[in-house]
Amino acid sequence: MSEADVAVIVVAAGSSTRFGGDKLGARVAGRSVLERAVGAMRAALPAAPLALVVRPEQLEAERARWRDRQVLVAAGGARRQDSVQNGFSALGPGDGTVVVIHDGARPFVPADDVARVVAAAADRGAAILVAPVVDTVKRLRADGTIEATVPRDRLARALTPQAFRAGVLRAAWAAAGDAHWTDEAALVERQGGAVAAVPGDPRNIKVTHPEDLTIVAGTFERRTRVGQGLDVHPLAPGRPLWLCGVELPGEVGLAGHSDADVALHAVTDAILGACGAGDIGEHFPPSDERWRGAASELFVRHALVLAATAGWRVAACDLTLLAETPRISPHRAAMRSRLAEILDLTPEDVNIKATTCEGMGFVGRREGVVALALVTLEPAVHS
Ligand code: MG
């Protein structure tokens, strides 16, 4: 089955009452729970359309946050089941499409688990991930004493994602009317439909209480890679000045084949260095007419794709500029936020520093500008 036949709904419209705060915004290993949940689906199904269902009052803010990431943001309803239906309507899948429904509070799902639940749903119509129950299970009386020990060999914990052929969901919803159900698998099984149980990684937990964050953080790899980039361009009167993808009006520009954004060239080389992919000159030779006057953001984006292909994403970037002119401080905030945007980071994960060379050397003589970048990469899977 091709990925074009899959669509994803991430449900993030709950109220976090048991957590006592915004659990989806809580950070796990450097990223929010929700970003990780969406990222897990993206890593598993990179080409599938994805609808994120949020609380109606967060709709505009979330649309802005996900604007550049091909995420369709829809408003949730009063109950989880309404939110799922809103996400479904936003996607409008054909009956044969496998719709994957994932809980926004589950930041860790191996891509292989997603693939297996999708395959089972394509085959059987409905499937969910499950994990074994490892503790002995007791049924209690109202007075708090134990009535019985429940055999656990046929018990399982329900995880997400759950996956359904869209036609199966449509039929189940039509037959259910306005009844209440805890999840779509429960609805299908109550109507007598078969739901395949696919064994999944038991570490795929739903963040419910604050202490769950510590548990789930332990599932993410701590591996990092570091890359450095260095670039130099001569100052050239009459050229526009670009630094970090921002044009600095009224400043002396830099000479170069592209827009000569020395900062983005250093960042590009740092990313390429960290993932072992050579240097900017190899990928974008100055002899190539295609790159004449090119916006250097292109080079960074290409390096990000190469990093992603190798399984990495940027975790942080630290940039130092050596320049007598221009003065960086008035532009620092704009450069930081633009660079963060290009790297798909928050500004807190990007730092920009600048120094003069106290009048010494070619920088001191205002002949050129130097940029030094350090980039750390973290594993892209599950992130
Ligand atoms: Mg350069």
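Trainee: In this predicted model, which residue forms a salt bridge with Arg 69?

Mentor: Let's look at the charged atoms first. The closest N and O atoms of the pair are 4.0 Å apart, and a salt bridge needs the nitrogen within 4 Å of a carboxyl oxygen. The partner of Arg 69 is Glu 35.

Trainee: Okay, and how many residues apart are the two?

Mentor: Arg 69 sits in the loop between helix H2 (59-66) and strand S5 (71-75). Glu 35 belongs to helix H1 (residues 33-44). So the pair links distant parts of the chain, and the separation is 34 residues.

Trainee: Is Glu 35 buried or exposed?

Mentor: Check its relative accessible area, which is 17%. Buried means under 20%, so Glu 35 is buried.

Trainee: Now for helix H2: which residue meets the side chain of Arg 63 in a salt bridge?

Mentor: Both partners lie in H2, 3 residues apart, or about one turn of the helix. In an α-helix, residues three or four places apart point the same way. The N to O distance here is 3.8 Å, and the partner of Arg 63 is Glu 60.

Trainee: What does the relative accessibility make of Glu 60, buried or exposed?

Mentor: Its neighbour in the bridge, Arg 63, has a relative accessible area of 39% and is partly exposed. For Glu 60 the value is 56%. Exposed means over 50%, so Glu 60 counts as exposed.

Trainee: Where do Asp 112 and Arg 116 lie?

Mentor: Their side chains meet in a salt bridge, 3.4 Å from N to O. They are 4 residues apart, so about one helical turn separates them. Arg 116 counts as partly exposed, at 32% relative accessibility. Both residues lie in helix H4 (residues 111-124).

Trainee: How many salt bridges turn up in the whole structure?

Mentor: We've met a few, among them Arg 69 with Glu 35 and Arg 63 with Glu 60. A search of the whole structure gives 24.

Trainee: Switching topic, how many residues of helix H8 are buried?

Mentor: H8 covers residues 262-274, which makes 13 residues. Among its buried ones are Val 262, His 265, Asp 269 and Ala 274. The helix is mostly covered, and the count of buried residues is 12.

Trainee: Which residue follows H8?

Mentor: From its first C-alpha to its last, H8 reaches 18 Å, close to the 18 Å expected. After the helix comes a residue whose phi is positive, near 70°. That residue is Gly 276.

Terms used. Residues numbered from 1 in each chain as written. Predicted model: local features only at pLDDT ≥ 70, side-chain atom pairs only at ≥ 80, totals over all residues. Heavy atoms only, no water. Expected span 1.5 Å × (residues − 1). Buried < 20%, exposed > 50% of the residue type's maximum accessible area, 1.4 Å probe, protein only.
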